[in-house]
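Here is a quick tour of a protein model, written for someone who would rather look at side chains than read statistics. Keep the viewer open and follow along.

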Amino acid sequence: MGTPSHSQVPKPVFTGAPMSMNFQNIEVRTALQIVADFTGLNIITSDSVSGSLTMKLHKVPWDQVLDIMAQAKGLSVRRQGNVIWVAPRAEVAAREKLEYESKLAAQNLEPMQTRGFTLNYAKAVDVLTQIPGGTVLPAMPVLGGGYGSFGSAGLGYTPPVNSAPFSLSSMSGGSRILSTRGSAMAEPRTNQLFVTDIADRLDQVAQMITKIDIP
């Protein structure tokens, strides 16, 4: 596949009220404060934002003005409600990486649970074929001891000896639902899916199955 042309790249849509600015060598922090005063929003500027700008803009949407300043000075803009946070792109990338690593570390410490999902309408093996990256397992023989009983958290489950885990992905875009430690398997005889993961991911699996297991 070739690189998309500039005409194929979606352009941002600016809807802010128009504003005008005409300054010679105005400090970036001061310009951001002017935008904050004009919009009534709270703009938090990182201590590492510095430098100056020369601007002559006439009736330009304020969000486009903010985008122009960010592009000119290598800044990243993040908005949450009526608060806008402005910081250098490298600083934002480092912060997001730290947040991701912290969240991943917390998931690795969270206890695992096993939950069984009985399908009423769809077949377990058919559901797996609709899941990108899923693996359909062969029918399981009836074992002498059956499967271990589930407690309140499903910790008593004993998987069949000839079972194997697979990577459970969402049906849209192939984004992974299970965590890196998560695993799941299908048991055709009882038409069940057995999923082992942290509680939050199990809830996501339950929501996905609710959408799939319909008449």
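What follows goes from the overall layout to two helices, a hairpin and a few single residues.

**The layout**

Bear in mind that this is a predicted model. The protein has five helices and eight strands, and along the sequence they come in the order β-α-β-β-α-β-β-α-β-α-β-β-α. Of its 215 residues, 35% count as buried. If you take the contacts with a separation of 6 or more, 61% of them involve residues 24 or more positions apart.

**Two helices, each with a buried face**

Start with helix 2, residues 62-73. Its twelve residues reach 17 Å from the first C-alpha to the last, close to the 16 Å expected at 1.5 Å a residue. Which residues of helix 2 are buried? They are Trp62, Asp63, Val65, Leu66, Met69 and Ala70. Looking down the axis of helix 2, you find these buried residues within an arc of 155°, so they line one face of the helix. Gln71 and Ala72 are exposed on the other side of helix 2. Just after helix 2 comes glycine 74, with a positive phi near 65°.

Now jump to helix 5, which covers residues 199-212. With 14 residues at 1.5 Å each, helix 5 should span 20 Å, and its end C-alpha atoms are indeed 20 Å apart. Arg201, Leu202, Val205, Met208, Ile209 and Ile212 are the buried residues of helix 5. Down the axis of helix 5, the buried set falls within an arc of 120°, so it lines one face. The other side of helix 5 has Gln207, Thr210 and Lys211 exposed. The background to this kind of pattern is simple: an α-helix has 3.6 residues a turn, so residues three or four places apart point the same way.

**A hairpin and a charge over a ring**

Strand 4 (residues 75-80) and strand 5 (residues 83-88) pair in the antiparallel sense, over six bridges. Two residues sit between the strands of this hairpin, and glycine 81 takes a positive phi near 65° there. Arginine 78 has tryptophan 85, in strand 5, as its bridge partner. What lies over the face of tryptophan 85? Arginine 95 does, at 4.3 Å from the ring centre. As for aromatic pairs, the count comes to zero.

**Methionine 55 and its neighbours**

Methionine 55 is in strand 3, residues 52-61. Is methionine 55 buried or exposed? At 7% relative accessibility methionine 55 counts as buried, because the cut-off is under 20%. Leaving out residues up to four places away in sequence, methionine 55 touches Met21, Asn22, Phe23, Ile26, Ala31 and Met69. One of these, Met69, is also among the buried residues of helix 2. Valine 65 is ten residues from methionine 55 in sequence, and the two C-alpha atoms are 9.6 Å apart.

**Two residues with positive phi**

Most residues other than glycine have a negative phi. Two that have a positive value are set out here.

| Residue | Strand | Phi | Relative accessible area |
|---|---|---|---|
| Asparagine 25 | strand 1 (residues 18-27) | near 55° | 56%, exposed |
| Lysine 59 | strand 3 | near 50° | 59%, exposed |

Asparagine 25 counts as exposed because its 56% is over the 50% cut-off, and lysine 59, at 59%, counts as exposed as well.

Key
Residues numbered from 1 in each chain as written. Predicted model: local features only at pLDDT ≥ 70, side-chain atom pairs only at ≥ 80, totals over all residues. Heavy atoms only, no water. Helix = DSSP H or I, 4+ residues; strand = E, 2+ residues; numbered from the N terminus. Expected span 1.5 Å × (residues − 1). Buried < 20%, exposed > 50% of the residue type's maximum accessible area, 1.4 Å probe, protein only. Arc of directions from axis to C-beta. Phe/Tyr/Trp six-rings, centres within 6.5 Å; stacked < 30°, edge-to-face > 60°. Lys NZ or Arg CZ within 6 Å of the ring centre and 35° of its normal. Pairing = 2+ DSSP bridges. Contact = heavy atoms within 4.5 Å.
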